[in-house]
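Here is a friendly walk through two helix pairs and two pockets. Have the model open and follow along.

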Amino acid sequence: MSMRLAILCPGQGAQHAGLFDLLREDEQAAAFLDQLPLTDYLDAPLAQVLSQPTHLYANGNAQVLIVAAQLAAWQALREPLAAIAGPPVAVAGYSVGELSAYAVAEVIDPVAAVALAAQRAAAMDAAARSRPGQGLMALGGFDLAVAQDCLLRHGAHVAIVTGDDTLIAGGSSPALEAVAAELAGRGARTTVLPVGLASHTPLMQAAVTPFAAALEGLSLHAPKTALLAGVSGQGIADAHQACALLLRQLTEPIQWAACMDACVERGVTVALELGPGAALSRMLRERHPHLSCRSLADFRSLSGLLSWLRRQAD
């Protein structure tokens, strides 16, 4: 087979009311969703969470929904993808999507990964309550070194490096506002994101201990396929390293640009984003235009997605 496939698992932000509609049409995906005790993890009934933006974008709900949707999609796609392309040559997750990536690589059981998303979100929410008024902001169109210096001076932090002139910053709202005001006057683009905590920054330090306790209760395994660490873009070798790196990404920046470059270094020719949204496939396509990159969100059906993949394999 000539295709070398990467699986990408995005973070929160693109969840929507119809998040599970396409997945419910597939028997395996629907069966996976039905075995999840989502009612135990969400702050309201599922139908209410999906229909009301205040619930849909709440961190505690969003992390669970994202991981549940991605892993339901994986249950539906795993076998047909293997028939078309063989096992993925790289798997990478962005923010909470890294939990999904760990499950795709068989480091964590998929059902356990959804439960872990709820525990991770609870730990992060508690950390945010201890230091209220946090957030994330996208920043682009500016030299990264200059932007990082500005963040440091205002007490903010790099949360995710997404490109050569783009990043996500995290910190207190006043710090982010000061950064935005300074850099906007110098031509930068800034956008406040609908996330009420400073993920992947030192402001999440209080989440490390409870999340470590949650990980200790799990049986982790060595990756069955190449799994890229979000904090470095390097391959994860074993279960011990997998656990340590998953803890590090709570308080350290995600090096997503490095993850994208690592996909190319590993010979990836086609990338599939499990959705929701298509931000990761768009970023990878822009950074490496020779790759074929699509998201499940681009298709009206799973069969349409699989037809596209078969064409890439021809």
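## Helices α6 and α7

α6 and α7 cross in a right-handed sense. Keep in mind that this is a predicted model. The two axes come within 9 Å of each other, at a crossing angle of roughly 25°. Because angles under 35 degrees count as roughly parallel, α6 is described as roughly parallel to α7.

Which residues make the contact? From α6 come Val-67, Gln-70, Leu-71 and Trp-74, while α7 offers Gly-97, Leu-99, Ser-100, Ala-103 and Val-104. Sorted by character, the contact of α6 with α7 holds six nonpolar residues, three polar ones and no charged ones.

## Helices α8 and α11

A second pair to look at is α8, covering residues 110–130, and α11, covering residues 208–216. They pack at an angle of about 165°, and their axes lie 8 Å apart. Since angles over 145 degrees count as roughly antiparallel, that makes α8 roughly antiparallel to α11. The crossing of α8 and α11 is right-handed.

On the α8 side, look for Leu-116, Gln-119, Arg-120 and Ala-123; they meet Pro-210, Phe-211, Ala-214 and Leu-215 of α11. The residues in this contact of α8 with α11 comprise six nonpolar, one polar and one charged.

## The largest pocket

Now turn to the open spaces. The largest pocket has a volume of about 800 Å³. Its lining counts 39 residues, and those closest to the pocket centre are Tyr-94, Ile-168, Ala-279, Arg-282 and Met-283.

Which element gives the most to this lining? That is α14, with six residues. Strands β3 (134–140), β5 (166–172) and β6 (189–192), together with α14 (279–287), each supply at least two residues of the lining of the largest pocket. By character, the lining of the largest pocket divides into 18 nonpolar, 13 polar and eight charged residues.

## The second largest pocket

The second largest pocket holds about 220 Å³ of space. It is lined by 16 residues, and His-16, Leu-19, Leu-22, Leu-296 and Ala-297 are the closest to its centre. Two or more lining residues of the second largest pocket come from each of α1 (21–24) and α6 (59–85). You have already met α6 as the partner of α7 in a right-handed crossing.

How do the lining residues of the second largest pocket divide? There are 10 nonpolar, five polar and one charged.

Technical notes
Residues are numbered from 1 along each chain as its sequence is written. This is a predicted model: local features need pLDDT of at least 70, side-chain atom pairs count only at pLDDT 80 or more; totals for chains, interfaces and linings use all residues. Side-chain values use heavy atoms; hydrogens and water are left out. Axes are lines fitted to C-alpha atoms, for helices over the stretch in contact, and angles run from 0 to 180 degrees between N-to-C directions. Helices (H or I, at least four residues) and strands (E, at least two) are DSSP runs, numbered from the N terminus. Angles under 35 degrees count as roughly parallel, over 145 as roughly antiparallel, 65 to 115 as roughly perpendicular and the rest as oblique. A crossing is left-handed if the near helix is turned anticlockwise from the far one by less than a right angle, and right-handed if clockwise. Contact means heavy atoms within 4.5 Å. Ala, Val, Leu, Ile, Met, Phe, Trp, Tyr, Cys and Pro count as nonpolar, Asp, Glu, Lys and Arg as charged, and the others, Gly among them, as polar. On a 1 Å grid over the protein atoms alone, a cavity is a set of points where a 1.4 Å probe fits but cannot get out, and a pocket is an open set with protein on both sides within 12 Å along at least five of seven lines; lining residues have an atom within 4 Å of a point. Grid points are joined across faces, edges and corners, and a volume is the space filled by probe spheres set on the points.
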